[in-house]
Amino acid sequence: FSHLTFQEYLAARALAARADMIEYALGKACEGWWREVLLLVAGYPADNAVVPDISRKPLEEFTSFVGS
């Protein structure tokens, strides 16, 4: 990849889509390269099981406000 941030973003999206995301992430937590990826996954509000529903509400309210 020409830019590391893009690679980290794609890795975070792929990690968030895994059924075993938590187990896989815990296995990578001690590896330095995965730090930014794990931070991105933690902040990714989509259908991520780690993110509670309460954190999605402000995003939904914002997107509905912007869309109107």
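The crossing of α1 and α3 is right-handed in this predicted model. By class, the contact between the two helices has 10 nonpolar, no polar and 2 charged residues. Helix α1 spans residues 4-17, and helix α3 spans residues 34-42. Their axes come within 8 Å. They cross at roughly 55 degrees, and that makes α1 oblique to α3. On the α1 side, the contact is formed by E8, Y9, A11, A12, L15 and A16. On the α3 side, these residues meet W34, E36, V37, L38, L40 and V41.

**The chain as a whole**

The chain holds 4 helices and 0 strands. Its pattern along the sequence is α-α-α-α. It has 68 residues, and 21% of them count as buried. Take the contacts in the chain with a separation of 6 or more: residues 24 or more positions apart account for 43% of these. The chain exposes about 5200 Å². Carbon and sulfur atoms supply 63% of that area.

**The second helix pair**

Two packed helices are described by the angle between their axes and the distance between the axes. Helix α2 covers residues 21-28. The axes of α2 and α3 come within 10 Å. They cross at roughly 150 degrees. Angles over 145 degrees count as roughly antiparallel, so α2 and α3 are roughly antiparallel to each other. The crossing of α2 and α3 is left-handed. By class, the residues of this contact divide into 6 nonpolar, no polar and 1 charged. From α2 come M21, Y24, A25 and K28. They meet W34, L38 and V41 in α3.

W34, L38 and V41 of α3 thus appear in the contact with α1 and also in the contact with α2.

**Single residues**

Where does V37 sit, and what does it touch? V37 lies in helix α3. It touches E8, A11, A12 and L15, leaving aside residues up to four places away in sequence. E8, A11, A12 and L15 are among the α1 residues that meet α3. V37 has a relative accessible area of 0%. Buried means under 20%, so V37 is buried.

M21 is found in helix α2. Is M21 buried or exposed? At 6% relative accessibility, M21 counts as buried. M21 is also one of the α2 residues that meet α3.

L10 lies in helix α1. Its relative accessible area is 35%. The class of partly exposed runs between 20% and 50%, so L10 is partly exposed.

Three residue pairs link the helices' neighbourhoods across the sequence. Their C-alpha separations are listed here.

| Pair | Separation in sequence | C-alpha to C-alpha distance |
|---|---|---|
| L10 and V37 | 27 residues | 8.6 Å |
| V37 and R13 | 24 residues | 8.8 Å |
| M21 and V41 | 20 residues | 9.5 Å |

V37 figures in the pair with L10 and in the pair with R13. The other pair joins M21, found in α2, to V41, one of the α3 residues that α2 meets.

**Recap**

Helix α3 packs against α1 at roughly 55 degrees and against α2 at roughly 150 degrees. The α1 crossing is right-handed, whereas the α2 crossing is left-handed. Neither contact has polar residues: the α1 contact has none, and the α2 contact has none.

Notes: Residues are numbered from 1 along each chain as its sequence is written. This is a predicted model: local features need pLDDT of at least 70, side-chain atom pairs count only at pLDDT 80 or more; totals for chains, interfaces and linings use all residues. Side-chain values use heavy atoms; hydrogens and water are left out. Helices (H or I, at least four residues) and strands (E, at least two) are DSSP runs, numbered from the N terminus. Buried means under 20% relative accessible area, exposed over 50%, partly exposed in between (1.4 Å probe, protein chains only). Contact means heavy atoms within 4.5 Å. Accessible areas come from the Shrake-Rupley method with a 1.4 Å probe; for residues, only the protein chains shown count as cover. Axes are lines fitted to C-alpha atoms, for helices over the stretch in contact, and angles run from 0 to 180 degrees between N-to-C directions. Angles under 35 degrees count as roughly parallel, over 145 as roughly antiparallel, 65 to 115 as roughly perpendicular and the rest as oblique. A crossing is left-handed if the near helix is turned anticlockwise from the far one by less than a right angle, and right-handed if clockwise. Ala, Val, Leu, Ile, Met, Phe, Trp, Tyr, Cys and Pro count as nonpolar, Asp, Glu, Lys and Arg as charged, and the others, Gly among them, as polar.
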